[in-house]
Amino acid sequence: MGLIDRLGDVINANLASLLDRSADPEQTLNQAIREMEDTLSEVRCGTVRMIAEKKELAANWRAAEFEMLEWERKAEIALAHNREDLARAALAAKDEIRRAAAPAEVEIKALETAIARMTEDARSLEDKLAEAHARRRSLATRYRGAVDRLRARTSLYDGRLDEALARSRELEREIDHVEAAGDALS
């Protein structure tokens, strides 16, 4: 049983170590930036689709307006020729076109509102994305500085530096000894 417990402890320790390494703040921030960029792309695509739909509806509305003007002109011509029955029929056709086109006008206004909101959302997301990029650059700079300081301090407090200084003092003593021996011979 002890062997299985020890093996479980080793596996848990390795998993904890792996999770600690995977919780790298820079990688987490990079992932968040990628997700924000994907969302921004989706928002922009949705906005483009809405703009295209609005343009199509606006073109249909303009065509309906033109057709209504045509029926109104035909009604005026019919009245000019004393044909009230034809004038009434032309005005009825005009009203039918107006009723059929009325939802398009409402839909155009709704699309304009939705486009304005999505554009504002895209701007807000762009601002947050710029902030995230700046934060990532700042963190990267801070990280490089911390690594450089750690490397400098590690070498400063490393035993090898002390050993090298001790050896240089030893060499200095040997040189002093040789110089003294040379001075003694003269």
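**Figure 1. The whole chain at a glance.** About 14,800 Å² of the protein is exposed, and carbon and sulfur atoms supply 57% of that area (accessible areas come from the Shrake-Rupley method with a 1.4 Å probe, and for residues only the protein chains shown count as cover). Keep in mind that this is a predicted model, where local features need pLDDT of at least 70 and side-chain atom pairs count only at pLDDT 80 or more, while totals for chains, interfaces and linings use all residues. Residues are numbered from 1 along each chain as its sequence is written, and side-chain values use heavy atoms, with hydrogens and water left out. The fold has four helices and zero strands, so the elements read α-α-α-α from the N terminus on (helices, H or I, are DSSP runs of at least four residues and strands, E, of at least two, numbered from the N terminus). Of the 186 residues, 18% count as buried (buried is under 20% relative accessible area, exposed is over 50%, and partly exposed is in between, with a 1.4 Å probe and protein chains only). Among contacts between residues at least 6 apart in sequence, 81% join residues at least 24 apart (a contact is heavy atoms within 4.5 Å).

**Figure 2. How far to trust each part.** The mean pLDDT is 84, and 83% of the residues reach 70 or more (pLDDT is the predictor's confidence in each residue, from 0 to 100). Confidence is lowest in helix H1, residues 2-22, with a mean of 64. Helix H2 has the highest value, a mean of 90.

**Figure 3. Met68 and Lys94, a buried pair across two helices.** Met68 belongs to helix H2, and Lys94 to helix H3. Met68 is buried, at 7% relative accessible area. Is Lys94 buried or exposed? Lys94 is buried as well, lysine or not, with a relative accessible area of 11%. Leaving aside residues up to four places away in sequence, Met68 touches Trp61, Lys94, Ile97 and Arg98. With the same neighbours left out, Lys94 touches Met68, Trp71 and Glu72. For a backbone view of this spot, take the C-alpha atoms of Met68 and Glu96: they are separated by 9.2 Å, with the two positions 28 residues apart along the chain.

**Figure 4. A lysine over a tryptophan face.** Lys74 lies over the face of Trp71, 4.5 Å from the ring centre (a charge sits over a ring if NZ of Lys or CZ of Arg is within 6 Å of the ring centre and within 35 degrees of the ring normal). Trp71 also turns up among the residues that Lys94 touches. How many aromatic pairs does the structure hold? Zero (rings of Phe, Tyr and Trp, its six-membered ring, pair if their centres lie within 6.5 Å; planes under 30 degrees apart count as stacked, over 60 as edge-to-face and the rest as tilted).

**Figure 5. Arg44 and Glu126, a salt bridge between helices.** Side chains of opposite charge can pair when their charged atoms come close. The structure holds nine salt bridges (a side-chain nitrogen of Lys or Arg within 4 Å of a carboxyl oxygen of Asp or Glu). One of them joins Arg44 to Glu126, at 2.2 Å from N to O. This pair links distant parts of the chain, with Arg44 in helix H2 and Glu126 in helix H3, 82 residues apart. Arg44 is partly exposed, at 42% relative accessible area, and Glu126 is partly exposed too, at 30%. Thr119 of helix H3 comes into the picture as well: its C-alpha atom is separated from that of Arg44 by 7.9 Å, although the two are 75 residues apart along the chain. Thr119 counts as partly exposed, at 27%.

**Figure 6. Salt bridges along helix H3.** Glu84 and Arg88 meet in a salt bridge at 3.3 Å, N to O. Both lie in helix H3, four residues apart, about one turn of the helix. Glu84 is partly exposed at 48%, whereas Arg88 is exposed at 58%. Farther along, Arg135 forms a salt bridge with Glu131, the closest N and O atoms being 3.9 Å apart. Because they are four residues apart in helix H3, Arg135 and Glu131 are separated by about one helical turn. Glu131 is partly exposed, at 46%.

**Figure 7. Asn82 in the loop.** Asn82 sits in the loop between helix H2 (25-80) and helix H3 (84-156). Its phi is positive, about 60 degrees, although Asn82 is not a glycine. This residue is exposed, with a relative accessible area of 69%.
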